Amino acid sequence: MRDTIQTLPASKIREVANAGLGRDDVLAFWFGESDEVTPEPVRRAAARSLEAGETFYSHNLGLPELREAIAAYASALHGPVDAGRIAVTSSGVNALMLAMQLLVGAGDEVVAVVPVWPNLTAQPEILGATVTRVPLRPQGGRWALDLDELLARVTERSRVLLVNAPNNPTGWTLTRAEQQAILEHCRRTGTWIVADEVYERLVFDGGAQAAPSFLDIAGDGDRLVVVHSFSKSFLMTGWRLGWLVLPAGHHDGIGKLLEFNSSCAPVFVQRGGLAALGIAESFVPGLVGRLRGCRDRLVAGLQALPGVTVASPPGGMYAFFRVEGRDDSLAFAKALVRDHGLGLAPGAAFGPEGEGWLRWCFASKDPARLDAGLERLAAAIRL
């Protein structure tokens, strides 16, 4: 086994979750998913596909009709996107790894805005690249980017800038002005932007349909790869279906990588994705409204607890907070599971920048579960 693989850190979220295995008294908010099931029309479409015997390989890049539907969906949000720029993948994390394989090799530099879901920074390291971390910093609990610091770290030596916004775990969301400055800088340095925008529809303030996207401002020749997933906006985490938006002319390369990685996404899963896009504008706004209510309820409850620092996240599905005096987030998260039956993700799972913080996924079909979790946290803080 390569040394790089041996030294990869194991998931600290899984470590906490494993501590609660076999217990039915744990309120689990550690994973990045809602407890709502996938919409019925999506499940029905997949079942029909299986009943019709669609159990064979499909095109590496995905079903043509799904690629067309994704292109139409993206175009409605961001302006014209041709179906020839779309590649269907077996999950958003698969899309991220394919993007890294397409662009990054041993010795390359990847600049990443952190804290972030650890898979994003581990993938280039697996490929032999080095990762330069540029931290978001909390200001009264709300996380902000030092744009000047980021631009100074992205140089002609930087092969890729990796940005996840809306951000997991902090909820930080890029402004249009920040995006424009980043894009113009990366044009000068020749740096590729890999934008993880899987939470783009989960924005809560200002009435926008979606968070600002690099697709809104990029030109045809820009070095931009945008990563998406069906998991969050369509409650399809277990389906493992995502997509990439690539510059024109890169479909052959990504098609080869798809062949060597997964060959193709299962047809019945792609049929489910097609159905999800068909109900997008009748389903997603309602989901966002429910998540907004959950966010407001949880954040207000956290802000009422003594010693808790938290701000209302503008996007995503997480409250990222800290408790005064509880600086070892992994130890605290394990204690919450063991002694109080409350399952949260330790901030250290998202890199050293998140140490001392905890992530709470507020995507719950029953908001009363959030209240029960707050009671358990309050009991832990009083000890």
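Ala, Val, Leu, Ile, Met, Phe, Trp, Tyr, Cys and Pro are counted here as nonpolar, Asp, Glu, Lys and Arg as charged, and everything else, Gly among them, as polar. With that sorting in hand, the open and closed spaces of this predicted model can be walked through one by one.

The largest pocket comes first. Its volume is about 600 Å³, and 26 residues line it. Nearest the centre of this pocket sit G32, W117, N168, K232 and R240. Sorted by class, the lining of the largest pocket splits into eleven nonpolar, nine polar and six charged residues. Helices contribute too: α2 (12-19), α5 (92-103) and α6 (118-126) each put at least two residues into the lining of the largest pocket.

Next is the second largest pocket, with a volume of about 390 Å³. It has 19 lining residues, and those closest to its centre are P9, P118, N119, A122 and A349. Helix α6 turns up again here, giving the second largest pocket seven residues, the largest share of its lining. So α6 has a hand in both pockets, because helices are numbered from the N terminus and the label picks out one and the same run in each case. As for chemistry, the lining of the second largest pocket holds eleven nonpolar, five polar and three charged residues.

Then there are the closed spaces. The count comes to five cavities of 30 Å³ or more. About 80 Å³ of space lies in the largest cavity, which is lined by 13 residues. Of these, G141, R142, T170, A311 and P313 lie nearest the centre of the cavity. Strands matter to this lining: β6 (142-144) and β12 (318-323) each supply at least two of its residues, and β12, with three, has the largest share. The class tally for the largest cavity is eight nonpolar, four polar and one charged.

The second largest cavity has a volume of about 50 Å³. Its walls are made by Y73, V198, E200, R201, H228, S229, S233, F234 and W243. By class, that lining divides into four nonpolar, three polar and two charged residues. The charged pair is E200 and R201, since Glu and Arg both fall in the charged class. Likewise, Y73, V198, F234 and W243 make up the nonpolar part, while H228, S229 and S233 are the polar members.

Terms used. Residues are numbered from 1 along each chain as its sequence is written. This is a predicted model: local features need pLDDT of at least 70, side-chain atom pairs count only at pLDDT 80 or more; totals for chains, interfaces and linings use all residues. Side-chain values use heavy atoms; hydrogens and water are left out. On a 1 Å grid over the protein atoms alone, a cavity is a set of points where a 1.4 Å probe fits but cannot get out, and a pocket is an open set with protein on both sides within 12 Å along at least five of seven lines; lining residues have an atom within 4 Å of a point. Grid points are joined across faces, edges and corners, and a volume is the space filled by probe spheres set on the points. Helices (H or I, at least four residues) and strands (E, at least two) are DSSP runs, numbered from the N terminus.
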